[in-house]
2 protein chains.
Amino acid sequence: MKHILSIYVKNEPGVMSSVSGLFTRRAFNIDSIAVGTTQDPLVSSMTIVMKGDDDDLRRFQGQLLKLADVLEVRTLPYHGSVTRELMLVRVAAPVERRAEIIAIVDAYEGKVVELTEDSMLIEVNGNNRRITGAIGLLEKHGIQEMARTGQIALGFKADDH
Amino acid sequence: MKHILSIYVKNEPGVMSSVSGLFTRRAFNIDSIAVGTTQDPLVSSMTIVMKGDDDDLRRFQGQLLKLADVLEVRTLPYHGSVTRELMLVRVAAPVERRAEIIAIVDAYEGKVVELTEDSMLIEVNGNNRRITGAIGLLEKHGIQEMARTGQIALGFKADDH
């Protein structure tokens, strides 16, 4: 079962290290990590997707809250939240393959960022399933390089009721 | 001056901790970190944007390469690369403000992910300037919550020549 933790930490050197040290020592099963800034320059946010049961989640949450630089830990239900990630990928794209690749980009509502003689740089964002689906189709054209963010998430408000 | 480092590390517990421990000990000026998976399940990628001169960059690169789990470190020129980040943001959106907010979303090629009676959940992706611009305009409507990835990057191929 997947859980999302939205963690607010002091924007200070050493925080990332102490939070990620926790994964090591406790061997939690971490799927994805995203570190971002917030509106407050003194505060950073980390979004962590972890696998485990409710006990694992509680244990992890408890460990996080013991860290001095952790300000707040929120949990979000994986299926009641908007989750998004972003990918940049360069695929081989000789002229005769371009139309086929562009059809994939369109289907996944991606964008062609750069087109050269023999390659295409593509951006796709969406939930994990969408990104994985796009990679699956692009793979057979030959992925030359790829960069991918971790997942970020916000809870649906309509689910609060 | 900003530099981008694209780091490939073994997908093992402890790597994040040792890499981020480096920021602490050496006090490098880190702007943004994104951790993502790659095509190879044994390899994760980290994209780090740092501020500093060429000496700082070389020093940081050297330190990274000393770590056992770091497989490869590439540097990308900040202005010769495609950089992208992703933001989810919920703003207060009473009926009379909706049109104004949607105009901002359109201008930044964002998407409305959820609309409730009094709020809008918006996703925007783009380079740092675009995200910062969108936040600047959305801020006055009242940001209720926000999640943001670090920046990812790939080099333009046309700049290789």
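The following conversation asks how the terms used for this predicted model are justified.

User: What should I know about the model and its numbering before we begin?
Analyst: This is a predicted model, in which local features need pLDDT of at least 70 and side-chain atom pairs count only at pLDDT 80 or more, while totals for chains, interfaces and linings use all residues. Residues are numbered from 1 along each chain as its sequence is written, chains are lettered from A and ligands numbered from 1 in the order in which they are written, and side-chain values use heavy atoms, with hydrogens and water left out.

User: What makes the two copies related as by a two-fold rotation axis?
Analyst: Two copies of a chain are related by a rotation about an axis and a shift along it. Here, a turn of 180° and a shift of 0.0 Å along the axis lay chain B on chain A with an RMSD of 0.0 Å, where copies are superposed by least squares on the C-alpha atoms of residues with pLDDT of at least 70 in both. The two copies are thus related as by a two-fold rotation axis. In chain B, the C-alpha nearest that axis belongs to B:Ser17, at 2.5 Å from it.

User: How do you know that the same surface serves both copies?
Analyst: Of the contact residues of chain B, 100% recur in chain A, contact meaning heavy atoms within 4.5 Å. By that criterion, 50 residues of chain B are in contact with 50 residues of chain A.

User: What is the area buried between chain B and chain A?
Analyst: The area is about 4400 Å², and carbon and sulfur atoms give 57% of it; buried area is the accessible area (1.4 Å probe) that two parts lose on being put together, summed over both.

User: Why is the pair of B:Arg84 and A:Glu123 called a salt bridge, and what makes it join two chains?
Analyst: A salt bridge is a side-chain nitrogen of Lys or Arg within 4 Å of a carboxyl oxygen of Asp or Glu, and the closest N and O atoms of B:Arg84 and A:Glu123 are 2.4 Å apart, so the pair meets the cut-off. B:Arg84 lies in strand 5 of chain B and A:Glu123 in strand 7 of chain A, so the pair joins two chains; helices (H or I, at least four residues) and strands (E, at least two) are DSSP runs, numbered from the N terminus.

User: Are B:Arg84 and A:Glu123 buried or exposed?
Analyst: Buried means under 20% relative accessible area, exposed over 50%, and partly exposed in between (1.4 Å probe, protein chains only). With 16%, B:Arg84 is buried, and A:Glu123, with 6%, is buried as well.

User: What makes A:Lys111 and B:Glu109 a salt bridge, and how exposed are they?
Analyst: The closest N and O atoms of A:Lys111 and B:Glu109 are 3.1 Å apart, which means that the pair falls within 4 Å. The pair runs from strand 6 (residues 111–115) of chain A to the loop between helix 3 (98–107) and strand 6 of chain B. A:Lys111 has 36% relative accessibility and counts as partly exposed, and B:Glu109, with a relative accessible area of 46%, is also partly exposed.

User: How many salt bridges are there between chain B and chain A, and how many over all chains?
Analyst: Between chain B and chain A the count is eight, whereas a search of the whole structure finds 26 over all chains.

User: What separates B:Arg58 and B:Asp55 along helix 2 of chain B?
Analyst: Being three residues apart in helix 2 (residues 54–66) of chain B, B:Arg58 and B:Asp55 are separated by about one helical turn. Their side chains meet in a salt bridge (2.8 Å, N to O), and B:Arg58 is exposed, with a relative accessible area of 53%.

User: How do you know that the buried residues of helix 4 of chain A are on the same side?
Analyst: In helix 4 (residues 128–138) of chain A, the residues A:Ile131, A:Ala134, A:Ile135 and A:Leu138 are buried. They cover an arc of only 100° around the axis, which puts them on the same side of helix 4 of chain A; the arc is that of the directions from the helix axis to the C-beta atoms. What covers these buried residues includes strand 5 (81–92), helix 3 (98–107), strand 7 (119–126) and strand 8 (143–148) of chain A.
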